[in-house]
Amino acid sequence: MTHSLVTGGAGFIGSHLVDALVARGDRVSVLDNLSSGSLDFLAGSRDAIEFHRLDLLDNGFDAMLDGIDVVWHLSANPEVRIGITEPEKMFRQNVDATRRVIEAMARCGVRDLVFTSTSTVYGEASVVPTPEEYKPLAPISAYGQSKLEAEQLIERFCAMESGRSISFRFANCVGPRSNHGVTFDFFHKLRADSGALEILGDGKQFKSYFHVADCIAGMLAVSPAEACPNGGFAAINVGSEDGIDVVTVADAVCEALGLADVEYNFTGGIDGGRGWKGDVKRMLLAVEKLKGFGWTPEFGSRAAICDTAQWLDENY
Ligand SMILES: NC(=O)c1ccc[n+]([C@@H]2O[C@H](COP(=O)([O-])OP(=O)(O)OC[C@H]3O[C@@H](n4cnc5c(N)ncnc54)[C@H](O)[C@@H]3O)[C@@H](O)[C@H]2O)c1
């Protein structure tokens, strides 16, 4: 039986991954400091897993690696905007914590690592949809930079310790248990005032949104051993095959909540309509590589947003 360890397993994506690993028959250990995750998200799997409340920046991680076959390292600070106000915190949680994970894996002889990275490592790519081999990787946010540095640490681990790793580069993931991002933001703004909605930027930022069910199916479609049969590091994009602009996101959220005639107030944004410093204006990922392993996304961007808004409406 495969023994999986999921860091950040009480978070939005992590908890869905834990449910899926339990369902496929893995023995599952979960580590989370519950800073943004919740034990409620693990309710369905609680009796089948070993849960450890631990901060990766504290000591005690080595003890958890005994008998582990694969580490799924999801814990991070995923809020792109935190990188503007608290960059140090972002680099500690995304880079230092990753360094601690791979150093402990090296000490304990664990080879296989699955990492969750992001489209923001590409920065403002001139090729859209952007393939994995796109260069140069030139992030424009602290978040993207921190994830790129984490990827480089993992590549070094693979080279020096005969590790095998997949870094899944995600577009914007949404769905049940969403706890951050534009859909979450719009939902809560509309709860407070159903007549008007503040939209950061010019509303024309065009991005891909994908459903967490497609995210988990993608993560399980290929293992580090399959992606890297001779060892090493593989980056694999995960996202929907279409993109939508922010106004379409707002329309979808309003429609899902049954709201009509909502007045949109644009902040106008900075530097050509960005919502914030470091906001990439156009993002769509090429997903042929993952499709080559038999995966196909079932949701388009708009349908994924609608499903998320409906879940938020039913659960908040
Ligand atoms: N949601 C997206 O759209 C998206 C897009 C690209 C990449 N990602 C990546 O996917 C992963 C999961 O993101 P998510 O959206 O589920 O976010 P999330 O905030 O719900 O999950 C992160 C989890 O990590 C935990 N955590 C944070 N720092 C920790 C630490 N130092 N020690 C232990 N636990 C810690 C949090 O409590 C939380 O449960 C992250 O690595 C994120 O960067 C997410």
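**Entry 1: strand 5 and its neighbours**

Two strands pair if DSSP finds at least two bridges between them, and I kept this in mind while looking up strand 5 in what is a predicted model. I noted that strand 5 and strand 6 (residues 164–170) run parallel and are joined by seven bridges. As one example of these partners, I found Leu113 matched with Ser165 in strand 6.

I then turned to strand 4 (residues 70–73), which also runs parallel to strand 5 and is joined to it by four bridges. Here I wrote down that Val70 stands opposite Asp112 of strand 5. As a reminder to myself, strands of a sheet pair through backbone hydrogen bonds, and they do so either parallel or antiparallel.

Is strand 5 buried or exposed? I found that seven of its seven residues are buried, so strand 5 is largely enclosed by the rest of the structure. I checked the two faces separately, and both are covered: Asp112, Val114, Thr116 and Thr118 are buried on one side, while Leu113, Phe115 and Ser117 are buried on the other.

**Entry 2: from strand 5 to strand 6**

Following the chain onward, I saw that strand 5, helix 4 (residues 142–161) and strand 6 make a β-α-β unit, and that this unit is right-handed. In the loop between strand 5 and helix 4, I looked up two prolines, Pro129 and Pro136. The peptide bond from Val128 to Pro129 is cis, with omega near 0°, and I noted a cis bond with omega near 0° from Lys135 to Pro136 as well. I marked these bonds because most peptide bonds are trans.

Within helix 4 I picked out Cys158, which counts as buried because it has 21 C-beta neighbours inside 10 Å, where 20 or more are needed. Leaving aside residues up to four places away in sequence, I listed what Cys158 touches: Gly163, Arg164, Ser165, Gly231, Gly232 and Phe233. Gly232 is 74 residues from Cys158 along the chain, yet I found their C-alpha atoms separated by 5.0 Å.

**Entry 3: two residues with positive phi**

I next looked up backbone angles, since most residues other than glycine have a negative phi. Ser162, in the loop between helix 4 and strand 6, has a positive phi near 55°. This serine counts as exposed because I find 12 C-beta neighbours inside 10 Å.

The second case is Arg177, in the loop between strand 7 and helix 5 (182–192), with a positive phi near 80°. Arg177 counts as buried, because its C-beta neighbours inside 10 Å number 20.

**Entry 4: around the ligand**

Which residues come nearest to the ligand? Of the 29 residues around the ligand, I found that these are Gly8, Gly11, Phe12, Gly37 and Ala76. The elements giving two or more residues to this shell are helix 1 (12–24), strand 2 (27–32), helix 3 (87–108), strand 5 (112–118) and strand 7 (172–174). Helix 1 supplies the largest share, which is three residues. When I sorted the shell by residue type, I wrote down 13 nonpolar, 14 polar and two charged residues.

**Entry 5: two domains**

From the domain assignment I copied domain 1 (3–173 + 210–238) and domain 2 (175–208 + 241–281 + 295–315). Their C-alpha centres lie 25 Å apart, and the contact between them takes 26 residues from domain 1 and 19 residues from domain 2. On the side of domain 1 that touches domain 2, at least two residues each come from helix 1, helix 2 (82–85), strand 7, strand 10 (209–211) and helix 6 (212–221). Helix 6 gives the most to that side, with six residues. By type, I noted that this side of domain 1 divides into 13 nonpolar, nine polar and four charged residues.

**Entry 6: a three-stranded sheet**

Last, I looked up an open sheet of three strands, in the order 12-9-14 and with mixed pairing. Strand 12 (244–245) and strand 14 (282–283) stand at the edges with a single partner strand each, so one side of each has no neighbour in the sheet. Strand 9 (residues 206–207) runs antiparallel to strand 12, and two bridges join them. One of the matches I wrote down is Lys207 with its bridge partner Ile244 in strand 12.

Terms used. Residues are numbered from 1 along each chain as its sequence is written. This is a predicted model: local features need pLDDT of at least 70, side-chain atom pairs count only at pLDDT 80 or more; totals for chains, interfaces and linings use all residues. A residue is near a molecule or strand if its C-beta atom, placed from the backbone, lies within 6 Å of it. Ala, Val, Leu, Ile, Met, Phe, Trp, Tyr, Cys and Pro count as nonpolar, Asp, Glu, Lys and Arg as charged, and the others, Gly among them, as polar. A crossover is right-handed if, with the strands pointing away from the viewer, the path from the first strand over the helix to the second runs clockwise. Two residues are in contact if their C-beta atoms, placed from the backbone, lie within 7 Å. Domain bounds come from an automatic or database domain assignment.
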